[in-house]
Each structure stands twice: as structure tokens, then as C-alpha cells.
Amino acid sequence: MTRRNLFSLLAAVGLASKTQAAPQQATPRPDIVPLRLSDAQWRERLTPQQYAVLRQEGTERPGSSPLNGEKRKGIFACAGCELPLFQSQHKYESGTGWPSFHTPIAGALGTQTDFKLLLPRTEYHCARCEGHQGHVFDDGPAPTGKRYCNNGVALKFLPEAA
Ligand SMILES: [Zn+2]
């Protein structure tokens, strides 16, 4: 098998796995009413950068988000629907160039396994609008040991009122 064929095969396997991956919703929170909009409505509501990440599982360039350096107290909410996803005290500097958190707000995220890079990764998204946020890894700090690696463009920071 040539190198080129191998890559085509791997790409095909990756795509097939991706389309078969079923969302694994954690225990749904009764206070979260799902927000479902048409593709046209999402395009109207979001900037092109937000749309690419939230609705097409894109990944922003590392270091590109102003939220990397955000140190104020407040809430990081979904840029698609403003559901609160993370609290500022659970943010930490991971050195990756993406806003990183060790603990999400309970019930705010759903997860699924994706195979875009062939090795399985755990994708997570907003539990209300299913907007893609990032991926979660097992190399985070205490107390959870998790690293929620989030696209800054998928978040909206809401500073705590002084
Ligand atoms: Zn959302």
C-alpha cells in the first residue's frame, strides 16, 4: 500500500467513525431548555468565526483569543446561547494557547467521542444549543485532573458585577 493510499484509508475510517458517533448526553438538567435553530438562523446570529467553531466543530488558532488572558471574576458562557459553562475560579493557565478550565459548571456540557485526529478524543459542547466548545483531556490540574481545552471564540465572558 502506498503512503497516499494509507492516508486516504485512514481519512475514510476517521470520517465514518465521526458520523457514527452518537452524542452521550450526561444527566440532563431540567432547567436547561434545548435551543434549536436552523442553520440560517445560526449564521445570522453568530460571527463567521463563532459559526465555524460552534456549528462546524472548527478550532481557533492557538493564542488568538483575548480570553486567554482574562483574569477577572465572572462567568464564561456559551457564545451561542449564553448558558453559563465555566466559572472564572476554575480557569487556569495551561500554556496551550486556549482558555483552559479544570471544572465545568454541573450539567452545562454534553460530550461525545470524535475521531477527527484518528485517536479518539472527547469532544464537549453546550448542553443547551449543542454548540461545540472544545475537547477534554486527562492532563489537567487538581481537583479533577481534567483539562477542558476551550475555543475562546465559542465563549462569552460575563464579568461579575462589582
Ligand atoms: Zn449554547
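**Sheets, core and charged pairs in a predicted model**

In the hairpin of β1 and β2, five residues lie between the strands, and Glu82 takes a positive phi near 65 degrees. The model is predicted. The two strands of this hairpin, β1 and β2, pair in the antiparallel sense over three bridges. Within that pairing, Ala77 stands opposite Pro84 in β2.

The hairpin belongs to a wider sheet. Three strands form this open sheet, in the order β2-β1-β9, and their pairing is antiparallel. β2 (84-87) and β9 (155-159) stand at the edges. Each has a single partner strand, so one side of each is left without a neighbour in the sheet. From one strand to the next, the twist averages 30 degrees. Strand β1 (residues 74-78) is joined to β9 by five bridges, and the two run antiparallel. Two of the residue pairs can be named. Gly74 has Pro159 of β9 as its bridge partner. Cys78 has Leu155 of β9 as its bridge partner. β1 is mostly covered, with four of its five residues buried.

A second open sheet contains six strands. Their order is β3-β4-β8-β7-β6-β5, with antiparallel pairing. The edge strands here are β3 (91-92) and β5 (109-114), and each pairs on one side only. Strands pair through backbone hydrogen bonds, either parallel or antiparallel. At one end of the order, β5 meets strand β6 (residues 121-126) in an antiparallel pairing over six bridges. In this pairing, Gly110 stands opposite His125 in β6.

Elements of both sheets contribute to the nonpolar interior. The largest nonpolar core has 27 residues. Leu83, Leu85 and Phe86 have the most contacts inside this core. At least two core residues come from each of α3 (48-54), β1, β2, β6 and β9. α3 gives the most, with three residues. The surroundings of Leu85 show how several segments meet. Residues up to four places away in sequence not being counted, Leu85 touches Phe76, Ala77 and Cys78. Leu85 also touches Pro104, Ile105, Ala108 and Leu109. Its list of contacts is completed by Cys126, Gln133 and Leu155. Two of these contacts, Cys78 and Leu155, are themselves bridge partners between β1 and β9.

Aromatic side chains were examined next. A search of the whole structure finds six aromatic pairs. One of them involves Tyr124 and Tyr148, whose ring centres are 5.1 Å apart. Their planes stand at 75 degrees, so the pair is edge-to-face. The pair links distant parts of the chain. Tyr124 lies in strand β6 and Tyr148 in strand β8 (residues 147-150), 24 residues apart. Both Tyr124 and Tyr148 are buried. The two tyrosines also form part of one aromatic cluster, together with Phe76, Phe86, Phe101 and Phe157. Among the cluster members, Phe86 is also one of the residues with the most contacts inside the largest nonpolar core. Phe76, another member, is touched by Leu85.

Charged contacts were considered last. Side chains of opposite charge can pair when their charged atoms come close. The count comes to nine salt bridges. Three examples differ in their settings. Arg121 forms a salt bridge with Asp114, and the closest N and O atoms are 3.6 Å apart. Both partners fall under the 20% cut-off for a buried residue. Arg121 counts as buried because its relative accessibility is 18%. Asp114 counts as buried because its relative accessibility is 1%.

Asp138 and Lys146 form another of the salt bridges, with their closest N and O atoms 2.6 Å apart. Asp138 has 63% relative accessibility and therefore counts as exposed. Lys146 has a relative accessible area of 32% and is therefore partly exposed. A further salt bridge joins Asp139 to Arg147, the closest N and O atoms being 2.7 Å apart. At 12% relative accessibility, Arg147 counts as buried.

Definitions and conventions
Residues numbered from 1 in each chain as written. Predicted model: local features only at pLDDT ≥ 70, side-chain atom pairs only at ≥ 80, totals over all residues. Heavy atoms only, no water. Salt bridge = Lys/Arg side-chain N within 4 Å of Asp/Glu carboxyl O. Buried < 20%, exposed > 50% of the residue type's maximum accessible area, 1.4 Å probe, protein only. Pairing = 2+ DSSP bridges. Axes fitted to C-alpha atoms, helices over the stretch in contact; angles between N-to-C directions. Core = buried A, V, L, I, M, F, W, Y, C linked by side-chain atoms within 4.5 Å. Contact = heavy atoms within 4.5 Å. Phe/Tyr/Trp six-rings, centres within 6.5 Å; stacked < 30°, edge-to-face > 60°.
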